[in-house]
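Okay, thanks everyone for squeezing in. I'll put the model up and then walk you through a few bits of it.

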Amino acid sequence: MTKPKIVILGAGYGGIITSKSLEKLLKSGEADVTLINKHDYHYLTTQLHKTGVGTAADRQIAMSIPELINPAKTRFLKAAVSSVDIHSQGVHLEGGETVTYDYLLIALGFEVETFGIPGVKENAFKIRSFRSTKIIYHQIVKQFNLYKQDYDPSRLTFVVAGGGFTGIEMLGELADGLPKLCKEHDIPFEKIRIIGIEAAPSVIPFFPKQSIEYTQEVLEKRNIEVITATKILECTPEKVLLENNLEIPTRTLIWSCGVKGNTIVHKWGLPIEKGKIPVDSYLRVKNSKNIFSIGDCSLFMKDEKNALPPTAQVALQQAPVCAKNIVASIRGESLKTFEYHHKGSVASIGLMAAVGKVGNFRLSGMFGAFMKQVIEARYLFNLGGPSLIIKQHFGVSREQVNEMVKQ
Ligand SMILES: Cc1cc2nc3c(=O)[nH]c(=O)nc-3n(C[C@H](O)[C@H](O)[C@H](O)COP(=O)(O)OP(=O)(O)OC[C@H]3O[C@@H](n4cnc5c(N)ncnc54)[C@H](O)[C@@H]3O)c2cc1C
């Protein structure tokens, strides 16, 4: 009898944890598992603001997928998916190869939402992937070098669009990282302007008043200018145009105003609602028995009106349940209903401050920053055990760590 073929598209939070869970759940020889991702590294999306400012080493943010999986149990393919034919059950890859499946998981994540604002797609810098945030870092360095030639102050003005969690994290990281970068490139830090722009009346508007006030206070103390209740109308390579005839000369607008599901899935004949793939309570694509979808590209309704938000926390809770349900489908067993438990959210404002809520506790300050580190370390532990944490922080290979542990 031929073994069922499980194919996972995307090795972000949802895809990689599902493949790790399948490695544990499947009996030897029970199924063939293939994980497909366009890069051969998995990156910590929740830490991308650090790559943008160069405050974390690359190895702390991106890690080799072949080192994270068990090659005896999971085949990894570095390839970009171009389409899926749900009738012939084939995944077409850029380059021409087709991979057939019996069970498919679509975990292709998000795309940046620009709301059609003129110039944003072409000129703004996006916090989308490891690569896109490396581009932000290179843009900062490039502007420093050009400033030394023309002394144009717009080169030292860094604007972050969006005062939600991601925007706050980016602003805090710029305040943390730019002094060191200025020193390295011989740029007077006092000439740097860091500006945050938010359309709502305050930053993190969805948070309690005390958290908003705390965040505003920290941003102010760090000399970050915050413009609220103001919409961005246009972005050109040299300036950002705002409501009320305001304009900010800048070469660097960092966009963090929202995300949408990966639009690549729209042409595959799957149901699409609100731009995402709707799934049932078992995380199966609506009207399908063998296609699953989790994370930011899927739409899971928590009640009649509201969908779960696009967060790592949701993808990470869905992944093990999805793995169980794929295995149960293969074995002809009953499937498990997915239930989401919100554990809280914490946003860093640089290394030494954070704001958020865990359970019923409001967090801020250094304790919040510590909790943020704990959350990140917990993910690394689940992904690769203590050796991955050591590797990430000290830059030694996992083989070296395993050897050290044996001695
Ligand atoms: C800066 C930032 C900070 C955030 N902070 C938090 C936070 O603190 N807490 C939280 O819960 N959430 C946070 N989020 C949201 C969280 O990162 C996402 O919800 C999460 O990454 C979604 O996981 P996913 O598996 O659905 O997709 P992703 O993690 O985006 O993974 C998708 C994968 O698919 C791959 N892929 C895409 N297209 C193709 C293709 N055509 N072919 C092959 N591979 C492809 C990508 O390369 C990627 O590896 C943050 C997001 C950002 C941008």
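So, how far apart do the C-alpha centres of domain 1 and domain 2 lie? They lie 32 Å apart. Before I go on, this is a predicted model, so to speak of a local feature I need pLDDT of at least 70, side-chain atom pairs count only at pLDDT 80 or more, and totals for chains, interfaces and linings use all residues. Residues are numbered from 1 along each chain as its sequence is written.

Right, the domains. Domain 1 is 5-112 + 260-345, and domain 2 is 120-257; those bounds come from an automatic or database domain assignment. The contact between them takes 14 residues from domain 1 and 19 residues from domain 2, where contact means C-beta atoms, placed from the backbone, within 7 Å. On the domain 1 side, β3 (41-43) and α2 each supply at least two residues. α2 gives the most, with six residues. By the way, helices (H or I, at least four residues) and strands (E, at least two) are DSSP runs, numbered from the N terminus.

Now the ligand. Which residues come nearest to it? Of the 31 around it, those are G10, G12, G14, G109 and G295; "around" means a C-beta atom, placed from the backbone, within 6 Å. α2 turns up again here: the elements giving two or more residues to this shell are α1 (13-25), β2 (32-37), α2 (48-53) and α9 (312-331). The shell divides into 14 nonpolar, 15 polar and two charged. For that split, Ala, Val, Leu, Ile, Met, Phe, Trp, Tyr, Cys and Pro are nonpolar, Asp, Glu, Lys and Arg are charged, and the others, Gly among them, are polar.

On to a sheet. Three strands form an open one, antiparallel, in the order β23-β24-β25; strands pair if DSSP finds at least two bridges between them. At the edges sit β23 (344-348) and β25 (361-364). β24 (residues 354-358) and β25 share four bridges, and V355 has S364 in β25 as its bridge partner. Helix α8 (residues 209-221) packs on this sheet, touching β24 and β25, with its direction about 5 degrees from that of β25. Axes are lines fitted to C-alpha atoms, for helices over the stretch in contact, and angles run from 0 to 180 degrees between N-to-C directions.

Last one, a hairpin: β6 and β7, with four residues between them. In that turn, Q89 has a positive phi of about 55 degrees. V81 pairs with L93 in β7 as its bridge partner.

Terms used: Contact = placed C-beta atoms within 7 Å.
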